[in-house]
Amino acid sequence: MNNPLFVGIDVSKKDNHVQFLNGSGEKLNRFAVANNQIGTSNLVDNIKKVFSNMDVNSVIIGLESTSIYGDHLAASLRQDEFLSHVDGSVHVLNAKQVAKFKESYADLQKNDTVDAFVIADYLRFGRISKEVPMDEKYIALRNLTRARFQAAQNLTREKTRFVDTLFYKFSDLQNSKVFSDTFGTTSLAVITEFFSVDEIAYMDLQELADFINEKGKGKFADSTTIAKELQAAARSSYRLSKTVNESVNQLLAIRLIGIKAIQNQIKELDKAIENYMQLFPNTLTSVKGIGPVYCAGILAEIGDIKRFSNQAALAKFAGLAWTEYQSGGFKAANTRMINSGNKYLKYYLLEASNKVRVHDAEFNRFYQLKFKEVPNHQHKRALALTARKLVRLVYCLLSTNRLYTPPTQM
C-alpha cells in the first residue's frame with residue numbers, strides 16, 4: 001500500500017518554509033531552511049529522518065512557481081540520489097490554483113508557515129498533473145526568451161510614458177494623426193528638435209515642409225499638406241510656460257534614450273536567441289511568419305510536446321481557453337478567457353499569430369471572419385481565437401515532426 005510523505009515548501013529569496021504531512025493530513029514536522037544548497041541538503045536530511053522513523057514509502061514535494069527563487073531548489077531535489085531511490089516527485093505548482101484551494105479554508109491566516117501547509121495539503125488531495133522535467137537546453141533557451149519578453153514589456157511601458165509626457169508638450173499631435181507612427185523618424189524629429197508648439201505653429205509653411213521632406217528622406221508624397229496639418233495640430237494644442245516646456249523637453253529626451261536602450265537590448269537578445277536556436281531542429285519555422293525568435297519562445301515554454309495529451313491541454317497550459325458558465329437550461333454565450341496559464345507561451349503564440357495571419361491565407365481568412373463577428377474589441381478577440389487555432393497547428397507539427405503545407409498548396 002502506498003503511504004506517501006507530502007512536503008509543502010513556501011519559497012522565498014532568503015528562506016524556504018517547509019511542512020510535512022502524512023496521508024491523513026496530520027502535521028508531522030515544520031521548519032525553515034536557507035534557500036541555498038546547504039539548506040536543501042538539510043531539507044533532504046529531514047526527509048530521511050521521517051523515512052527512518054515512520055512507515056512511509058514515497059515522497060511528494062510541491063512548491064509554488066515564484067519567479068526564479070524556486071528553480072534551483074526544484075532542480076536540486078530532482079537530482080537528489082536519495083529522493084530518486086524512494087520514488088520522490090517534485091511539482092512546481094500554479095500559484096493561482098493553490099490560492100483558490102486555500103479559499104476553501106475559512107480561518108487560515110497569511111504567513112509562510114500556513115502557505116507551506118496549504119501546499120502540502122494541496123498535494124495530499126492529488127489534484128496535480130504529472131510533470132515531465134525539462135531538458136537543460138530548454139531551460140537555457142527559456143532564460144533568453146523570458147528576458148526578451150520582459151524587455152518587450154519594458155519597451156511598451158516606456159513608450160506609454162513617452163506618449164503621456166508628449167501630451168504635455170504637444171497635446172493634439174496624436175489626436176490629429178499627422179504621423180502614422182509617433183516613434184517614426186520624422187515624428188521624433190518634430191518632437192525633439194522644436195522647443196515648443198509655438199515654433200511649429202508660426203513657422204514658415206514652406207520651411208516646415210522642407211524640414212519634413214528632409215527628415216522623411218523624400219518618402220512623403222505631399223510634405224506641404226503634412227506641414228499644414230502639423231501646424232493646425234500645433235495651434236489647437238495647449239500652451240506651456242517656458243520653464244515647464246524646458247523640463248518636458250528634458251524628460252522626453254531622457255525617455256527616448258531609455259527606449260533606444262531597450263530596443264538595442266532586444267536586438268542583442270534576438271541575435272543570441274537565433275544563434276542558440278541552431279541546437280533546436282524543428283518544423284515550426286516552416287510556418288511563414290514564425291521566425292526563430294517566436295519559435296524559440298514557443299519551444300522554450302513547451303519543452304517536450306509529449307508532456308501534453310492533446311492540443312486542448314496545450315491550449316489550456318498557454319491560457320488560450322475559455323471559461324464555461326452553465327446552469328440548468330442556461331448557457332452563457334459570452335465567456336471570458338481563463339486567467340491561469342503560462343503568460344510567456346501565451347505572449348509568443350499571440351505575437352506569432354499576428355505575423356502568421358499576414359502571410360497565410362487560411363489564418364487571415366479565419367482572423368477576418370472572427371474580426372467581423374463582434375462590434376467591440378475586434379482585433380483582441382480575433383487574434384486570441386487565431387492563436388487558439390495556431391495551437392492546434394503547433395501541436396500537430398511538433399507531435400508528428402512534419403513540415404507545414406499551407407491549405408492553398410495542398
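Contact means heavy atoms within 4.5 Å. The legends below refer to a predicted model.

**Figure 1. Helix H8 and the elements that cover it in the predicted model.**
Helix H8 spans residues 185-193. Buried positions of this helix are Thr186, Ser187, Leu188, Ala189, Val190 and Ile191. The cover over the buried residues of H8 includes helix H6 (136-169) and helix H7 (173-176), which precede H8 in the numbering. Helix H9 (197-201), helix H10 (205-215), helix H11 (223-236) and helix H12 (242-276) are also included in that cover.

**Figure 2. The chain as a whole.**
The chain contains 17 helices and 7 strands. Its C-alpha trace extends over about 90 × 60 × 55 Å along the principal axes. The radius of gyration of the chain is 28 Å, whereas a compact globule of 410 residues would have a value near 22 Å. Buried residues make up 43% of the 410 residues of the chain. Among contacts with a separation of 6 or more, 64% join residues 24 or more positions apart. The chain exposes an accessible surface of about 23,200 Å², and carbon and sulfur atoms contribute 49% of that surface. The chain carries 53 positive and 42 negative charges, and the mean positions of these two sets are 5 Å apart.

**Figure 3. Surroundings of Thr145 in helix H6.**
Thr145 belongs to helix H6. Thr145 counts as buried because its relative accessibility is 0%, and the cut-off for burial is under 20%. With neighbours within four places in sequence left aside, the contacts of Thr145 are Ile273, Ala296, Gly297, Ala300, Glu301 and Tyr348. One of these, Ile273, falls within the residue range of helix H12 (242-276). Another, Tyr348, falls within the residue range of helix H15 (343-359).

**Figure 4. Two residues of helix H4, Val98 and Lys100.**
Helix H4 covers residues 95-102 and holds both Val98 and Lys100. Val98 is buried, at 3% relative accessibility, whereas Lys100 is exposed, at 58%. The burial cut-off is under 20% and the exposure cut-off is over 50%, so the two residues receive opposite labels. Apart from residues up to four places away in sequence, Val98 touches Glu64, Leu93, Val118, Ile119 and Tyr122. The C-alpha atom of Val98 is separated by 19 Å from that of Met337, 239 residues apart along the chain. For Lys100 and Tyr348, which are 248 residues apart along the chain, the separation between C-alpha atoms is 27 Å.

**Figure 5. Gly341 and its contacts.**
Gly341 occupies the loop between strand E7 (330-331) and helix H15 (343-359). With a relative accessible area of 33%, Gly341 is partly exposed. Residues up to four places away in sequence are not counted in the list of residues that Gly341 touches, which holds Asn94, Lys316, Phe317, Ala318 and Gly319. The C-alpha atoms of Gly341 and Ala315 are separated by 8.7 Å, and the two residues are 26 residues apart along the chain.

**Figure 6. Cysteines Cys295 and Cys396.**
A disulfide is a covalent bond between the sulfur atoms of two cysteines. The search of the whole structure finds 0 disulfides. Cys295 is in no disulfide, and its nearest cysteine sulfur, that of Cys396, lies 15 Å away. Cys396 is likewise in no disulfide, with the sulfur of Cys295 as its nearest cysteine sulfur. A disulfide requires sulfur atoms within 2.5 Å, so a separation of 15 Å does not qualify. Cys295 is buried at 0% relative accessibility, and Cys396 is partly exposed at 35%.

**Figure 7. Positive phi values at Lys217 and Asn401.**
Lys217 is a residue other than glycine with a positive phi, near 55°. Lys217 is situated in the loop between H10 and H11, two of the helices that contribute to the cover over H8. At 70% relative accessibility, Lys217 is exposed. Asn401 is not a glycine either, and its phi is positive at about 60°. The position of Asn401 is in the segment after helix H17 (378-400). Asn401 is exposed, at 58% relative accessibility.

How values were computed. Residues numbered from 1 in each chain as written. Predicted model: local features only at pLDDT ≥ 70, side-chain atom pairs only at ≥ 80, totals over all residues. Heavy atoms only, no water. Helix = DSSP H or I, 4+ residues; strand = E, 2+ residues; numbered from the N terminus. Buried < 20%, exposed > 50% of the residue type's maximum accessible area, 1.4 Å probe, protein only. Rg over C-alpha atoms; globule rule 2.2 N^0.38 Å. Areas by Shrake-Rupley, 256 points an atom, 1.4 Å probe, with all protein chains shown as cover. Lys, Arg positive; Asp, Glu negative; His and termini not counted. Charge placed at Lys NZ, Arg CZ, Asp CG, Glu CD.
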